[in-house]
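These are my notebook entries on a single chain. I looked up its sheet, the helices against that sheet, and two individual residues.

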Amino acid sequence: MSLKTQLLSAQCSTDLTQAAELLKAGEQVAVPTETVYGLAADASNPDAVAGIFTAKGRPANHPLIVHLGDVASITEWAMQIPDEAYKLANAFWPGPMTLLLPRAEHVSPVVTGGLDTIGLRVPAQPVLLDLLTTHQLAVAAPSANPYKKLSPTTAEQVMHGLGGKIAAVIDGGPCQHGLESTIVDLTKRPFRVLRAGPITASELSAVLGETVDAPEQHDTVVPGNVGSHYQPNTRLQMVAADLSDLPAPQPEKRAALLHFGEAPTRDDLVCIAMPDDAARYGQALYHQLAQADQLGVDEIWLAQPPHGEAWLAVHDRLRRAVS
């Protein structure tokens with residue numbers, strides 16, 4: 001059944017009140033966050049949360065992150081909370097960091113994908129934070145995209161992917177970071193990053209005064225860590241940073257090239273310049289891939305980004321996105 005998805009304005013208090021009422025009524029509403037747009041449902045309503053999986057086409061055994069209005073709310077959703085959780089929360093919340101903790105006994109397994117752990121964060125996007133605090137809400141909210149597709153960083157992209165499947169989208173403008181939050185596992189030592197994001201393991205370690213690991217490979221089930229993910233509809237291929245291995249032109253084939261520096265002059269290419277620092281690159285990545293996806297080209301080619309800790313989140317997403 002197709003819904004009429006309403007486009008609500010983050011600048012309109014009436015629209016925000018309507019969004020809160022929809023959430024409390026068990027509907028799904030896409031919300032802006034500082035990372036990517038999230039598909040929100042009342043985390044205390046298992047039926048509403050189940051609707052997230054239906055709208056996205058996401059397997060029900062994939063855990064969701066619960067977004068809270070303040071640090072104190074941790075105790076309503078988690079138990080056996082170590083002191084280090086509060087140290088990190090006080091340093092990085094509101095912000096793009098998710099803490100993985102043992103779930104409280106009353107939390108529905110629908111939210112946690114059947115796991116005994118729960119991911120929690122306080123978002124820094126002011127409209128969403130105000131929505132949560134003013135209306136005393138906690139929302140489960142994965143990225144607001146069809147399963148395995150590009151995470152949206154604008155309301156327009158949400159409407160393109162989920163229009164007709166959800167009740168509403170709050171347009172809060174483009175997202176600040178453009179990549180999903182860092183997930184840090186505090187359920188056992190040594191603490192470790194399970195999904196790279198805007199906050200690095202070094203930054204976490206500096207706050208805690210102990211090393212937070214950042215393994216490239218692990219078998220812990222957390223949001224976003226499936227092998228194929230964040231994919232445009234058009235085939236994505238990596239090429240060398242200096243474009244030395246750029247495929248030769250083929251008759252009647254066109255490609256979009258996301259590149260650094262000077263663009264090559266070729267009639268078969270649509271060239272899209274990318275920022276050369278990690279933070280701005282991360283903000284632009286999904287948006288530019290979505291733009292390239294709309295060009296009707298045969299392939300998207302992306303020049304290899306630099307390496308280093310600041311680029312780990314970018315490489316994590318690209319590793320899953322390349323066809």
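I counted two strands as paired if DSSP finds at least two bridges between them. Helices (H or I, at least four residues) and strands (E, at least two) are DSSP runs, numbered from the N terminus. The model is predicted, so to speak of local features I required pLDDT of at least 70, and side-chain atom pairs count only at pLDDT 80 or more, while totals for chains, interfaces and linings use all residues. Residues are numbered from 1 along each chain as its sequence is written, and side-chain values use heavy atoms, without hydrogens and water.

Entry 1, the sheet. I found methionine 97 bridged to threonine 182 in β9. Strands β5 (97–102) and β9 (182–185) run parallel and share four bridges. Helix α4 (83–92) packs on the sheet, touching β5 and β9 (contact: heavy atoms within 4.5 Å). Its direction makes about 160° with that of β5 (axes are lines fitted to C-alpha atoms, for helices over the stretch in contact; angles run from 0 to 180 degrees between N-to-C directions).

Entry 2, aspartate 293. I placed this residue in helix α9 (278–293). Aspartate 293 is buried (under 20% relative accessible area, 1.4 Å probe, protein chains only). It has no salt bridge (a side-chain nitrogen of Lys or Arg within 4 Å of a carboxyl oxygen of Asp or Glu). Lysine 149, the nearest side chain of opposite charge, is 6.9 Å away (Lys and Arg count as positive, Asp and Glu as negative; His and the chain ends are not counted).

Entry 3, glutamine 176. I located glutamine 176 in the loop between β8 (168–171) and β9. Its C-alpha atom is 6.3 Å from that of threonine 35, 141 residues apart along the chain.

Notes
Buried < 20%, exposed > 50% of the residue type's maximum accessible area, 1.4 Å probe, protein only.
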